[in-house]
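Work through the exercises below with the sequence and the model open. Each task is followed by a solution in steps.

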Amino acid sequence: MDFNRFFADKLAGLVEAGNYRVFADLERKAGAFPKALRHREDGTTHEVTVWCSNDYLGMGQHASVTAAMHEAIDKCGTGAGGTRNISGTNHYHVKLENELADLHGKEDALIFTSGYVSNWAALGTLLTKIPNIICYTDALNHASMIEGIRHSRCEKRIFRHNDVAHLEELMAQDDPNAPKLVAFESVYSMDGDIAPIEDICDVADKFGALKYIDEVHAVGMYGPRGGGVAEREGIMHRLDVIEGTLGKAFGVMGGYITGSKNLIDFVRSFASGFIFSTALPPAVAAGATASIKHLKESRVEREAQKRNVAAVRAAFDKRGIPHMPNPSHIVPVMVGDASKCKWISDILLERHGIYVQPINYPTVPVGTERLRITPTPAHSPEDIAHLVSSLSELWSQCALARQVA
Ligand SMILES: *Cc1c(COP(=O)(O)O)cnc(C)c1O
């Protein structure tokens with residue numbers, strides 16, 4: 001087989017379909033977030049303002065976080081030196097797991113190398129090891145949950161997105177004695193909508209199911225201590241597993257699950273993706289712990305973030321730029337055309353120094369192509385004004401429709 005030819009043909013297919021991904025080569029500037037230096041292919045650079053980061057609160061440059069990481073490197077060096085079981089458990093990991101269990105009001109927590117791995121390994125393990133379990137999964141669940149469920153080869157039912165009645169209908173059709181698990185998210189990344197968590201718990205409880213929630217886009221962001229939407233709604237105790245990431249609002253990297261002592265011990269003891277992988281660097285655990293601790297106490301970042309989301313939405317409304325309404329921190333600006341979406345993004349980057357990655361099919365349905373904008377507390381009023389006037393100019397050049405408020 002001509003492997004090289006095979007790869008090239010497949011890649012050409014992606015380019016043709018408009019799905020080929022080109023990375024923006026950025027150098028983030030600590031102390032100046034959300035500014036970054038962008039490296040062009042010709043070797044030149046220019047400053048850009050990042051408007052699509054998942055470092056939602058700018059914690060990746062927070063003094064308490066960077067200091068904690070520097071200190072841990074100086075004390076413990078770089079890597080963990082092993083898997084958790086073979087010399088890799090560092091005291092910083094233990095402290096982080098205690099911090100996370102406390103954040104979600106759970107008995108215990110377990111950290112993984114990423115949120116992706118935490119979903120894949122936890123769901124994969126629970127659904128493989130619990131005999132005859134049936135998994136009910138929201139139609140818009142993240143790839144990491146889908147892969148974990150698929151890996152387990154368990155029976156699965158997909159319920160329509162956030163449709164509690166459909167979930168109940170599906171659960172009622174199955175053997176009442178079969179063990180069940182319901183897997184869903186709180187804040188969905190692309191539309192920024194929020195699940196009816198309490199209603200889903202009510203239905204799941206009727207059928208005695210385990211309740212597994214991914215709060216990746218919500219941890220650090222919602223609730224009085226940044227415990228997520230379930231904390232804000234006072235219902236963390238109703239969820240058996242709360243999963244999250246340390247890489248988005250907490251600004252570092254890694255993933256985790258929290259739950260009862262036995263459930264966590266079970267995943268710790270049976271999950272291949274946990275057992276056979278080198279533990280996170282101690283400094284990463286130290287930085288994440290500092291970030292969580294800070295956001296438990298401080299609401300300044302969350303409040304400034306909310307103000308900026310409102311300011312960006314109001315400025316778009318003034319210019320008639322359509323953005324999808326939702327109750328979260330994610331502002332999807334609806335372009336509705338793949339090539340215009342990419343063109344606007346390219347021009348914003350090259351001519352206006354504004355970086356927003358275009359979101360096209362297959363990440364979102366055809367016709368709903370968008371710019372997914374994530375305002376942070378660090379965006380200034382000038383940044384907002386520049387974003388909105390630049391986008392407005394390109395909106396006219398593309399002859400895109402405006403929405404009369
Ligand atoms: C980003 C994301 C993950 C994966 O988390 P990482 O820490 O980035 O691996 C899991 N679930 C959802 C919904 C996500 O958006």
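A residue is called buried when its relative accessible area is under 20%, exposed when it is over 50%, and partly exposed in between. The model is predicted.

**Exercise 1. Helix 5**

Determine which residues of helix 5 are buried, and compare the reach of the helix with the expected span.

Solution.
- Step 1. Apply the cut-off of under 20% to the helix. The residues that pass are Gly115, Val117, Ser118, Asn119, Ala121, Ala122, Leu123, Gly124, Thr125, Leu126 and Leu127.
- Step 2. Count them: 11 of the 15 residues are buried, and helix 5 is thus mostly covered.
- Step 3. Check the length. Helix 5 covers residues 115-129, and from first C-alpha to last it reaches 21 Å, close to the 21 Å expected at 1.5 Å a residue.
- Step 4. Look at the N-terminal end. Ser114 caps helix 5 there, with a side-chain oxygen 3.3 Å from the backbone nitrogen of Tyr116.

**Exercise 2. Aromatic pairs**

Classify the pair Phe6 and Phe7, then the pair Phe266 and Phe270.

Solution.
- Step 1. The structure holds 3 aromatic pairs; two are worked here. For Phe6 and Phe7, the ring centres are 5.8 Å apart and the planes stand at 70°, so this pair is edge-to-face. The cut-off for that class is over 60 degrees.
- Step 2. For Phe266 and Phe270, the distance from centre to centre is 4.9 Å and the angle between the planes is 50°, a tilted pair.
- Step 3. Place the second pair in the chain. Phe266 and Phe270 both belong to helix 10 (residues 261-270) and are 4 residues apart, so about one helical turn separates them.
- Step 4. Assign exposure. Phe6 has a relative accessible area of 37% and is partly exposed; Phe7, at 47%, is partly exposed. Phe266 is partly exposed at 25%, and Phe270 is partly exposed at 43%.

**Exercise 3. Strand pairing**

Find the partners of strand 3 and give the direction of each pairing. Then describe the open sheet of 3 strands.

Solution.
- Step 1. Strand 3 (residues 45-50) pairs with strand 2 (residues 35-39) in the antiparallel sense, over 5 bridges. Within this pairing, His46 is the bridge partner of Arg38.
- Step 2. The hairpin of these two strands has 5 residues between the strands, and Gly43 takes a positive phi near 95°.
- Step 3. Strand 3 is also joined to strand 12 (residues 354-355), by 2 bridges, and these run parallel. Val50 stands opposite Tyr355 there.
- Step 4. The open sheet has the strand order 11-14-13 and antiparallel pairing. Strand 11 (331-334) and strand 13 (358-359) are the edge strands, as each pairs on one side only.
- Step 5. Strand 11 and strand 14 (residues 370-373) are joined by 4 bridges, and Val331 stands opposite Ile373.

**Exercise 4. Cysteines**

Decide whether Cys154 is bonded or too far for a bond, and whether it is buried or exposed.

Solution.
- Step 1. Recall that a disulfide is a covalent bond between the sulfur atoms of two cysteines. The cut-off used is a sulfur pair within 2.5 Å.
- Step 2. The cysteine sulfur closest to that of Cys154 is in Cys135, at 5.1 Å, so the two are too far apart for a bond.
- Step 3. The count for the structure is 0 disulfides.
- Step 4. Cys154 has a relative accessible area of 15% and is therefore buried. Cys76, at 35%, is partly exposed.

Conventions:
Residues numbered from 1 in each chain as written. Predicted model: local features only at pLDDT ≥ 70, side-chain atom pairs only at ≥ 80, totals over all residues. Heavy atoms only, no water. Phe/Tyr/Trp six-rings, centres within 6.5 Å; stacked < 30°, edge-to-face > 60°. Buried < 20%, exposed > 50% of the residue type's maximum accessible area, 1.4 Å probe, protein only. Pairing = 2+ DSSP bridges. Expected span 1.5 Å × (residues − 1). Polar contact = N/O pair within 3.5 Å; in protein donor to acceptor, adjacent residues only side chain to side chain.
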